[in-house]
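Biologist: I would like to learn how to read a model like this one. Could you walk me through it?

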Amino acid sequence: MGEVKLIATTQSLFCTRVEWALKLKGVEYEYIEEDLRNKSPLLLEYNPVHKKVPVLVHHGKPIAESLPILEYIDETWKENPLLAEDPYQRAKARFWAQFVGDKCVFGAFEAACLADGEEKMKAIESAQESLAFLEKQIEGKKYFGGEEIGFLDLAAGWIPHWLNVMEEAGGMKLLDAEKFPLLHEWAQNFIQIPLIRECIPPRDKLLEYFNASISYMRSSATS
Ligand SMILES: N[C@@H](CCC(=O)N[C@@H](CS)C(=O)NCC(=O)O)C(=O)O
């Protein structure tokens, strides 16, 4: 299926989604680490609109944004399908995957960035409301995809590692095992899968990254 390159950064949960998909499909790829403080001409050429990672390059053709990339991978390499055959199930998986990025990732990050106080409590409540919606999607199933991991599992796959680190850096707890028993159990199962573990960044480096991002956000908010 030809040459595949992934322009990515190690700490990015959006990039790791793509690495997981490539590994699940058994696709060989060249990993190109991007420096987001000094963006490469390659990134700017391939993703001039958002200038963000990940970018997948297949036979010289770039695709940006993690969810469209996952769909491209699923349609190009058929083994271990990520999306179901049924159009309704496919539409639902896409909807919830988008929701995970828009509401859960950014909701958690916003709560982490706020200093202790009423506003932070409200942000935590709102992020937990989003997690409650996600919890409902896993009822009666081992993975969001059913018996096997699928599209929504990869989109939500940041929860066991990244959210845990965000919680520590942000001085908060969102994924309470008592409040969200199903999501908590799913997270434990997901992170045990060797192929999934293989791609996650070291905890100490991720913690450093979130500590720095949170300090930056807090100091910009007060200046
Ligand atoms: N919606 C995008 C989000 C990607 C994203 O936010 N990437 C970050 C790294 S985690 C980035 O490249 N940031 C660089 C910037 O904002 O300038 C996706 O799903 O791929």
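**Domains and ligand**

Modeller: Happy to! Let us begin where the two domains meet: 16 residues of domain 1 are in contact with 25 residues of domain 2. Keep in mind that this is a predicted model.

Biologist: Where do domain 1 and domain 2 lie in the chain?

Modeller: The domain assignment places domain 1 at 4-76 and domain 2 at 87-222. Their C-alpha centres are 21 Å apart.

Biologist: Now the ligand. Which residues are around the ligand?

Modeller: Here we list residues with a heavy atom within 4 Å of the ligand. The list consists of Ser12, Phe14, Leu36, Lys39, Lys52, Val53, Pro54, Glu65 and Ser66. Sorted by class, this shell holds four nonpolar, two polar and three charged residues.

Biologist: Which polar side-chain atoms lie 2.5 Å or 2.6 Å from an oxygen atom of the ligand?

Modeller: One belongs to Lys39, at 2.5 Å from a ligand oxygen. Another belongs to Ser66, at 2.6 Å from an oxygen atom of the ligand. Glu65 instead has a polar side-chain atom 2.8 Å from a ligand nitrogen.

Biologist: And how much of the ligand's accessible area does the protein cover?

Modeller: On its own, the ligand has 520 Å² of accessible area, and the protein covers 74% of that.

Biologist: Which pocket does the ligand sit in?

Modeller: The ligand sits in the largest pocket.

Terms used
Residues numbered from 1 in each chain as written. Predicted model: local features only at pLDDT ≥ 70, side-chain atom pairs only at ≥ 80, totals over all residues. Heavy atoms only, no water. Polar contact = N/O pair within 3.5 Å; in protein donor to acceptor, adjacent residues only side chain to side chain. Areas by Shrake-Rupley, 256 points an atom, 1.4 Å probe, with all protein chains shown as cover. 1 Å grid on protein atoms, 1.4 Å probe; cavity = no way out; pocket = protein on both sides within 12 Å on 5 of 7 lines; lining within 4 Å. Sits in = over half its atoms within 2 Å of the grid points. Nonpolar A, V, L, I, M, F, W, Y, C, P; charged D, E, K, R; others polar. Domains from an automatic or database assignment. Contact = heavy atoms within 4.5 Å.
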